[in-house]
Amino acid sequence: MKNNNYKRELELAQHLAVEAGNAVLPIYYGTADVTTKADNTPVTDADVLANRIIQEGIRQAFPLDAIVSEELEAIEGKNRCWYIDPIDGTRGFIEHTDQFAVHIGLAVQEKAVLGIVYKPVAREMYFAVKDEGAYRLSPFGDKRQLQVQKHTGLIAAMDKDNVLSARYQELAKRLGLSRSIISGSEGLRVMKVAEGIADVHFNLEGSHCSTWDICAPQIIAEEAGAYVCFTDGQPIMYLEQRKVRKTFVVANSKTLADKVSEMVERMS
């Protein structure tokens with residue numbers, strides 16, 4: 001049976017993602033005010049602005065829900081928690097590439113059930129609701145359902161720093177990768193699998209990844225037919241925490257996810 005319980009949540013998340021994206025574009029095309037956070041990652045005035053727009057919109061519509069966001073303090077709630085990354089790929093934003101996205105994800109009873117990944121420069125939106133399929137909405141309003149694909153040669157969507165590492169080069173050799181696609185945003189890397197452009201994405205630094213990085217992309221990928229899990233085989237659960245502290249894999253099949261996971265774990 002189809003799940004139609006999140007229509008209001010989806011409409012709100014789509015609206016807030018576009019509103020936040022429109023708000024940050026003047027800063028993107030101008031000059032961002034950049035500071036460095038305690039974890040040595042950059043943050044801009046655009047991150048804070050987009051975060052505030054999304055968080056205030058959710059609080060007004062769903063005042064009992066919890067919210068975990070990158071740039072503002074967490075808000076406690078019960079059973080339902082929103083995960084917000086106002087600009088996933090802040091370095092891409094600062095460098096004036098299009099490799100950044102707005103993430104809005106919703107987890108209910110610790111599982112991702114709704115996700116938005118919005119690319120402001122291209123005005124492309126990826127979205128999904130549990131049991132309703134995953135879709136890409138073009139700038140012209142054309143909606144296309146997403147479906148994972150299997151390629152003749154194995155293709156991975158990865159972060160530039162990972163691809164340059166000796167560990168990744170060894171993994172690529174053992175897996176027999178034919179090509180690596182570089183993307184500067186965690187969400188957009190996962191979308192490459194969901195769209196059928198890549199076969200697999202995995203992260204090699206679990207300490208660098210947060211719940212707001214993967215909540216929205218996870219449900220979109222899963223609704224497109226991907227298999228998503230930690231490389232130790234455990235499912236990704238959302239407990240209102242900030243960091244996931246584990247490596248994870250997104251693949252076009254469980255068989256491939258298991259193969260990648262085994263190799264990543266073996267080389268840890």
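**Entry 1: lining of the largest pocket**

I started with the secondary-structure elements that line the largest pocket of this predicted model. Strand 4 (80–88), helix 3 (90–94), helix 4, helix 6 (186–194) and helix 7 (211–223) each give at least two residues to that lining. I then looked up the volume of the largest pocket, which is about 1,200 Å³. The lining has 38 residues. Closest to the centre of the pocket are Thr41, Arg91, Asp159, Arg189 and His208.

I also sorted the lining by class. The list holds 16 charged residues, 15 polar ones and seven nonpolar ones.

**Entry 2: helix 5**

Which residues of helix 5 are buried? I noted Tyr168, Leu171, Ala172 and Leu175, within a helix that runs over residues 166–175. Around the axis they span an arc of only 100°, so they sit on the same side of helix 5. The spacing fits the general rule. An α-helix has 3.6 residues a turn, so residues three or four places apart point the same way.

I checked the other side of helix 5 next. Ala166 and Lys173 are exposed there.

What do the buried residues of helix 5 pack against? I found three strands and two helices in the list. The strands are strand 10 (154–158), strand 11 (177–182) and strand 12 (200–202). The helices are helix 4 (160–164) and helix 8 (254–266).

I looked just past the end of helix 5 as well. Gly176 follows the helix, and its phi is positive, near 75°.

**Entry 3: salt bridges**

I turned to charged pairs. Side chains of opposite charge can pair when their charged atoms come close. The count for this model is 11 salt bridges. I looked up three pairs and one network.

*Lys119 and Asp98.* The closest N and O atoms of this salt bridge are 3.5 Å apart. Lys119 is in strand 6 (residues 111–119), and Asp98 is in the loop between helix 3 and strand 5 (101–108). The pair links distant parts of the chain, 21 residues apart. Is Lys119 buried or exposed? Lys119 counts as buried because its relative accessibility is 11%, under the 20% limit. Asp98 has 31% relative accessibility and therefore counts as partly exposed.

*Arg144 and Glu195.* Here the closest N and O atoms are 3.4 Å apart. Arg144 belongs to strand 9 (residues 143–145), while Glu195 is in the loop between helix 6 and strand 12, so the salt bridge ties together parts 51 residues apart in sequence. I noted the accessibility of both partners. Glu195 is buried, at a relative accessible area of 15%. Arg144 is partly exposed, at 39%.

*Lys246 and Asp232.* In this pair the closest N and O atoms are 2.8 Å apart. Both partners lie in the loop between strand 13 (227–230) and strand 14 (248–251), 14 residues apart. Lys246 is partly exposed at 31% relative accessibility. Asp232 is also partly exposed, with a relative accessible area of 37%.

*A network.* I found Glu9, Asp65 and Arg80 linked by a network of salt bridges.

**Entry 4: positive phi outside glycine**

I looked for backbone angles that stand out. Glu110 is not a glycine, yet its phi is positive, about 75°. Where is Glu110 found? I placed Glu110 in the loop between strand 5 and strand 6. Glu110 is partly exposed, with a relative accessible area of 37%.

Glu240 is another residue other than glycine with a positive phi, near 65°. I located Glu240 in the loop between strand 13 and strand 14. Its relative accessibility is 33%, so Glu240 counts as partly exposed.

That loop came up earlier: Lys246 and Asp232 lie in the loop between strand 13 and strand 14 too.

**Entry 5: His96**

I ended on one histidine. His96 is in the loop between helix 3 and strand 5. Asp98, from the salt bridge with Lys119, is placed in the loop between helix 3 and strand 5 as well. At 43% relative accessibility, His96 counts as partly exposed.

Which residues does His96 touch, not counting residues up to four places away in sequence? I noted Tyr28 and Gly30. I also looked up the spacing to Gly21. Gly21 and His96 are 75 residues apart along the chain, and their C-alpha atoms are separated by 14 Å.

Terms used:
Residues numbered from 1 in each chain as written. Predicted model: local features only at pLDDT ≥ 70, side-chain atom pairs only at ≥ 80, totals over all residues. Heavy atoms only, no water. Buried < 20%, exposed > 50% of the residue type's maximum accessible area, 1.4 Å probe, protein only. Helix = DSSP H or I, 4+ residues; strand = E, 2+ residues; numbered from the N terminus. Arc of directions from axis to C-beta. Contact = heavy atoms within 4.5 Å. 1 Å grid on protein atoms, 1.4 Å probe; cavity = no way out; pocket = protein on both sides within 12 Å on 5 of 7 lines; lining within 4 Å. Points joined across faces, edges and corners; volume = space filled by probe spheres on them. Nonpolar A, V, L, I, M, F, W, Y, C, P; charged D, E, K, R; others polar. Salt bridge = Lys/Arg side-chain N within 4 Å of Asp/Glu carboxyl O.
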